[in-house]
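Welcome, and thanks for taking a look at this one with me. Below are a few notes to help you find your way around.

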Amino acid sequence: MSSNIRPETMERITNFELANAFIDEQVKEIRAQVGDRKVLLALSGGVDSSVVAALLIKAIGKQLVCVHVNHGLMRKGESEAVIDMFGNTLEANLIYIDATDRYLDLLAGVSDPESKRKIIGKEFIEIFAEEARKLEGIDFLAQGTIYPDILESVKAAEGKKAVKSHHNVGGLPEDLKFELVEPIKLLFKDEVRVVGEALGLPHAMVYRQPFPGPGLGVRCLGAITRDRLHALREADAILRDEFDKCGLAEKVWQYFVVIPDIKSVGVKDDSRYEGWPAIIRAVNTKDAMTASIEEIPYAVLHKICARITSEVEGINRVLYDITPKPTGTIEWE
Ligand code: XMP
């Protein structure tokens, strides 16, 4: 599947039978392309890189080397889930790098959103390149490129203006020359999910809501501090837990917490208590270009508010963002 154009005759993968046929075909193609050589993959734990990892493990086993960089901006439990699934269950060749301190030191005092994105993207490439140089005899780089990415790059090449500089794994230094392996590049997201389930990946991993490359970094508004980032991660985990319990997780496209760098006066145990507000965002969209607000029942909002303000140190209010896109973008930064 070397062409970047999806043939009109290609059937949409909507069930396990079609997914299994795709998997068999890809396993053959990957083996033919790679032979007995080695492949490197940046495994973020998102749907696309996870499906590519599972496909390659099926095709070439330990010839795949996965690198998971924890930039310290992951959601609660995410890096652990990657280690558990790929390192333990699938026994993949997995290199885990905890780069939390390196990122948070670089980001200290940086408040401009685009500068934050650039630092996070550039550092990722540097860490990944460092690891790639340490490993010997790797000829291929696998990527979780999907069809919308290819359509997006066509638009970018036509000079359409972007609102935010979304980062991905592209742009490795010149000395690192790899041949690309992109087994899902002609698939749409819904097809990637069907293939993921057919490969035996857990439902939660395959249906994981989209998560921006810069992670919690663009939800901890302004200059990131460790204590506010910690509060954000805990509050976000509570929101996800409550959405899972009431069935909203299945209905809402993207939902998360944002914490601005402001404090307000509150009261706790009869004393003045200055804390940050946790802002809840829950949106539905088809293509992320426009988005509508999901109506969260008041009872659910009350429960989330009660849990966040009592369980998370540093937060004394919970706000609910009811702004569609436009005028708000989905993320706050
Ligand atoms: P916005 O905020 O532009 O978000 O309405 C649209 C979608 O893109 C995600 N997003 C990003 N994804 N790198 C990414 O990989 C980024 O820098 C980035 N910024 C926003 C956002 O989560 C939403 O799904």
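**Notes for a new reader**

1. Let us begin with the overall layout. The centres of domain 1 and domain 2, taken over C-alpha atoms, are 28 Å apart. Please keep in mind that this is a predicted model. The domain assignment places domain 1 at residues 16-206 and domain 2 at 219-320.

2. Next, have a look at where the two domains meet. On the domain 1 side, 14 residues are in contact with 13 residues of domain 2. Together the two domains bury about 1,200 Å² between them, and carbon and sulfur atoms account for 49% of that area.

3. Now for the interior. The largest nonpolar core is made up of 50 residues, and Leu-40 and Phe-243 are those with the most contacts inside it. At least three residues of this core come from domain 1 (16-206), and at least three come from domain 2 (219-320).

4. Leu-40 is a good residue to click on. Setting aside residues up to four places away in sequence, Leu-40 touches Val-65, Val-67, Phe-128, Ala-132 and Leu-135, along with Ile-138, Phe-140, Leu-141, Ala-142 and Phe-178. There is also a second, separate core, with 39 residues; among them are Ala-19, Val-27, Ala-53 and Met-85.

5. You may wonder how many disulfides the structure holds. The number is zero. For Cys-246, which is in no disulfide, the nearest cysteine sulfur belongs to Cys-305 and is 15 Å away. A disulfide calls for two cysteine sulfur atoms within 2.5 Å, so a pair with a wider gap does not count. Cys-305 is likewise in no disulfide, with the sulfur of Cys-246 as its nearest.

6. Are these two cysteines buried or exposed? Cys-246 counts as partly exposed because its relative accessibility is 38%. Cys-305 has a relative accessibility of 27%, so Cys-305 counts as partly exposed too.

7. Finally, please visit Asp-321, in the segment that comes after strand β10 (315-320). Asp-321 counts as buried because its relative accessibility is 9%, and the cut-off for buried is under 20%. The side chain of Asp-321 makes a polar contact of 3.0 Å with the side chain of Trp-332. If neighbours within four places in sequence are left aside, Asp-321 is in contact with Ile-279, Ile-280, Arg-281, Ile-293 and, once again, Trp-332.

Terms used. Residues numbered from 1 in each chain as written. Predicted model: local features only at pLDDT ≥ 70, side-chain atom pairs only at ≥ 80, totals over all residues. Heavy atoms only, no water. Helix = DSSP H or I, 4+ residues; strand = E, 2+ residues; numbered from the N terminus. Buried < 20%, exposed > 50% of the residue type's maximum accessible area, 1.4 Å probe, protein only. Polar contact = N/O pair within 3.5 Å; in protein donor to acceptor, adjacent residues only side chain to side chain. Contact = heavy atoms within 4.5 Å. Core = buried A, V, L, I, M, F, W, Y, C linked by side-chain atoms within 4.5 Å. Domains from an automatic or database assignment. Buried area = accessible area lost by both parts, 1.4 Å probe.
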